[in-house]
Amino acid sequence: METVSFSLGRALWTFLLAMLGSATGQPLGGESICTARPLARYSITFTGKWSQTAFPKQYPLFRPPAQWSSLLGAAHSSDYSMWRKNEYVSNGLRDFAERGEAWALMKEIEAAGEKFQSVHAVFSAAAVTSGTGQTSAEVEVHPRHSLVSFVVRIVPSPDWFVGIDSLDLCEGGRWKEQVVLDLYPHDAGTDSGFTFSSPNFATIPQDTVTEITSSSPSHPANSFYYPRLKSLPPIAKVTFVRLRQSPRAFAPPSLDLASRGNEIVDSLSVPETPLDCEVSLWSSWGLCGGSCGKLGAKSRTRYVRVQPANNGTPCPELEEEAECAPDNCV
């Protein structure tokens with residue numbers, strides 16, 4: 001498995017940024033100051049857990065099948081935010097969440113680093129070409145830039161993504177050795193589609209970032225709507241592990257986010273989410289047929305909209321008959 005890891009901007013700019021004085025990138029008022037050793041390096045492993053067993057409703061099987069975009073993240077101070085729940089996303093993150101286009105978001109991160117010295121490094125990892133699989137990267141963090149944020153787009157989807165907002169890898173005077181977090185789907189608030197394959201339908205006015213749950217949006221058409229569940233199973237997870245070797249020398253940045261390899265994980269342990277059968281409304285009653293002088297019969301039908309899965313409620317009868325007085329007796 002190959003990984004992609006790169007520092008922000010030009011080599012000289014990155015070196016100067018790492019060497020800036022203590023007045024640069026200090027935490028905002030009221031926040032703790034990291035006093036750990038100057039630098040730490042972490043491996044980041046993103047694991048997709050989006051399987052048809054765990055998420056059977058409308059699971060994308062083709063055009064395109066379930067998969068994950070490349071991962072894009074940054075190590076930063078508290079005066080930079082890549083995304084935040086209940087706040088509006090930037091234009092760059094909108095492009096990434098809707099279409100997987102990373103350029104505008106990259107430029108926003110670089111601008112924040114150059115103008116406010118709030119970003120220490122950028123990192124990326126290759127896309128995962130199925131719903132379950134792994135990809136990885138490495139990132140260097142600094143006491144004044146000990147927060148890590150990243151996003152990964154859910155493909156296909158209107159504007160849905162998973163990610164981390166400002167995870168602090170520093171705890172007082174030490175760097176954390178390992179952090180493992182479950183990830184859940186979020187809506188960027190820029191597209192109003194309910195399903196994975198919804199056509200583009202801009203949200204006007206733009207909404208804020210919200211977490212998608214088993215009951216919200218509360219609409220049967222929602223691809224993540226599982227009213228029997230109290231909460232969705234995690235759709236992905238991320239693992240940060242501190243590396244013991246000395247930080248590597250600076251390498252020129254690589255912007256190739258899509259061409260690197262990844263490892264597909266076939267043996268992930270996933271829950272079985274029950275999916276109940278869903279049927280349409282009844283059709284109108286058909287004509288009443290029968291012999292003259294006797295009761296006849298009429299019928300109506302309905303069809304299966306969602307097949308049950310994983311021991312969900314089975315489908316009811318799809319045809320119903322009732323007695324009637326014949327319209328045209330024979």
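What follows is a set of questions and answers about the structure above.

Student: Before we dig in, what kind of model is this, and what pLDDT do side-chain atom pairs need?

Tutor: Residues are numbered from 1 along each chain as its sequence is written, and side-chain values use heavy atoms, with hydrogens and water left out. This is a predicted model in which totals for chains, interfaces and linings use all residues, local features need pLDDT of at least 70, and side-chain atom pairs count only at pLDDT 80 or more.

Student: OK, disulfides. How many does the structure hold?

Tutor: A disulfide here is a pair of cysteine sulfur atoms within 2.5 Å. Cys34 pairs with Cys170, Cys277 with Cys315, and Cys288 with Cys324. That gives a count of 3.

Student: How many residues apart in sequence are the parts tied together by Cys34 and Cys170?

Tutor: The sulfurs of Cys34 and Cys170 sit 2.0 Å apart, and the link is right-handed, with 85° about the S-S bond. Helices (H or I, at least four residues) and strands (E, at least two) are DSSP runs, numbered from the N terminus. Cys34 is in the loop between α1 (11–18) and β2, while Cys170 is in strand β8 (residues 170–171), so the disulfide ties together parts of the chain whose separation in sequence is 136 residues.

Student: Is Cys315 buried, partly exposed or exposed?

Tutor: Buried means under 20% relative accessible area, exposed over 50%, and partly exposed in between (1.4 Å probe, protein chains only). Its partner Cys277 has 14% and is buried. Cys315 has a relative accessibility of 28%, so the label is partly exposed.

Student: And which hand does the disulfide of Cys277 and Cys315 have?

Tutor: The S to S distance for Cys277 and Cys315 is 2.0 Å. The torsion about their S-S bond is about 95°, so the disulfide is right-handed.

Student: Where is Cys324, the partner of Cys288?

Tutor: The sulfur atoms of Cys288 and Cys324 are 1.8 Å apart, and the link is right-handed at 95° about the S-S bond. Cys288 lies in the loop between β14 and β15 (296–301), 36 residues away from its partner, and Cys324 is in strand β17.

Student: Now the open sheet of 4 strands. Which strands stand at the edges?

Tutor: Two strands pair if DSSP finds at least two bridges between them. The order is β5-β2-β13-β10, with antiparallel pairing. Each edge strand has a single partner strand, so one side of each is left without a neighbour in the sheet; these are β5 (132–141) and β10 (178–183).

Student: Which residue in β5 is the bridge partner of Thr45?

Tutor: β2 and β5 pair in the antiparallel sense over 10 bridges. Thr45 has its bridge partner in β5, and that residue is Ser136.

Student: Which residue meets Arg41 in a salt bridge, and how far apart are N and O?

Tutor: A salt bridge is a side-chain nitrogen of Lys or Arg within 4 Å of a carboxyl oxygen of Asp or Glu. Arg41 lies in β2 and its partner in β5, so the pair ties together parts that are 97 residues apart in sequence. Arg41 is buried at 12% relative accessibility, and the partner is buried too, at 18%. That partner is Glu138, with an N to O distance of 3.1 Å.

Student: Which residues are linked in a network of salt bridges?

Tutor: The total count of salt bridges is 13. One of them joins Arg99 to Glu98, with the closest N and O atoms 3.5 Å apart. Arg99 is partly exposed at 45% relative accessibility, whereas Glu98 is buried at 14%. The network is made up of Arg94, Asp95, Glu98, Arg99 and Glu101.

Student: Let's finish with the backbone. What is omega for the cis peptide bond of Ile204 and Pro205?

Tutor: Pro205 is in the loop between β11 (186–187) and β12 (210–211). The bond from Ser216 to Pro217 is also cis, with omega near 0°. For Ile204 and Pro205, omega is about -5°.

Student: And what is phi of Arg63?

Tutor: Arg63 is in the loop between β2 (40–49) and β3 (67–76), and it counts as exposed at 80% relative accessibility. Its phi is positive in a residue other than glycine, near 55°.
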